[in-house]
Amino acid sequence: MDTESLLEAAQTLSEQALDVATNAKNVQVLAQQLALAASENAAGASSPLMMGLTILILSVFIGYYVVWRVTPALHSPLMAVTNAISSVIIVGGLISAGLPWFGFAKVMGFLAVTLAAVNIFGGFVVTQRMLHMFNKKK
């Protein structure tokens, strides 16, 4: 490939990355507006369950728009960010699992630590396999 085609490919990738960032920002603004509207309408009457479900639904939409619009060239950085998020989940799970009494939070903390550890390990395995694909054959 010549320099001009590489520059055009880089320009296209940067435009697509900007589109993904713009869509994520739009979804974030929408989430903030929905949260503000929910707090104004409920005025303290909203339950924690409804707030949790609202956050879950909004995070599903954010995940959909962010992941499905990623070009193949950006998959490795996205995987690295996913591993970083899983490490934060492990910290929160350890805090929940370390509670002195046995209950739902302790079980969910253990489950969060287990699943996040599997996710991190799998991410490293997939990343290593991808890196081996780029090694020169001897």
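Ala116 is a good place to start: with a relative accessible area of 5%, this residue is buried, where buried means under 20% relative accessible area, exposed over 50% and partly exposed in between, using a 1.4 Å probe and protein chains only. The model is predicted, so local features need pLDDT of at least 70 and side-chain atom pairs count only at pLDDT 80 or more, while totals for chains, interfaces and linings use all residues. Residues are numbered from 1 along each chain as its sequence is written, and side-chain values use heavy atoms, with hydrogens and water left out.

**The chain as a whole**

- The protein chain has four helices and zero strands; helices (H or I, at least four residues) and strands (E, at least two) are DSSP runs, numbered from the N terminus.
- Along the sequence, the pattern reads α-α-α-α.
- Of the 138 residues in the protein chain, 10% are buried.
- About 10900 Å² of the protein chain is exposed, with carbon and sulfur atoms supplying 72% of that area; accessible areas come from the Shrake-Rupley method with a 1.4 Å probe, and for residues only the protein chains shown count as cover.
- Among contacts in the protein chain with a separation of 6 or more, 66% are between residues 24 or more positions apart; contact means heavy atoms within 4.5 Å.

**Helix α4 and Ala116**

- Helix α4 covers residues 104-133, and at 1.5 Å a residue its 30 residues should span 44 Å; the end C-alpha atoms are 43 Å apart, which agrees. The expected span is 1.5 Å times one less than the number of residues.
- Ala116 sits in this helix, α4, where Gly109, Ala116, Ile120 and Gly123 are buried.
- An α-helix has 3.6 residues a turn, so residues three or four places apart point the same way.
- Not counting residues up to four places away in sequence, Ala116 touches Ser86, Ile89 and Ile90.
- Ala116 and Val88 are 28 residues apart in sequence, and their C-alpha atoms are 9.0 Å apart in space.

**Where Val20 meets Arg69**

- Val20 belongs to helix α1 (residues 3-42) and counts as buried at 13% relative accessibility.
- Leaving out residues up to four places away in sequence, Val20 touches Val66, Arg69 and Val70.
- Val20 also lies 9.3 Å from Trp68, C-alpha to C-alpha, with their positions 48 residues apart in sequence.
- Arg69 is placed in the loop between α2 and α3 (75-97), and its 41% relative accessibility makes it partly exposed.
- Beyond its neighbours within four places in sequence, Arg69 is in contact with Asp19, Val20 and Asn23.
- From Arg69 to Ala17 the C-alpha distance is 8.7 Å, although the two are 52 residues apart in sequence.

**A nonpolar surface patch**

- Ile57, Phe61, Tyr64, Tyr65, Val67 and Trp68 form a nonpolar patch on the surface, together giving about 690 Å² of accessible area.
- Patches are made of residues with over 30% relative accessible area and no salt bridge; like charges are joined within 9 Å, and nonpolar side chains (Val, Leu, Ile, Met, Phe, Trp, Tyr) within 5 Å. A salt bridge is a side-chain nitrogen of Lys or Arg within 4 Å of a carboxyl oxygen of Asp or Glu.
- Val67, one of the patch residues, is in helix α2 (residues 48-67) and is partly exposed, with a relative accessible area of 44%.
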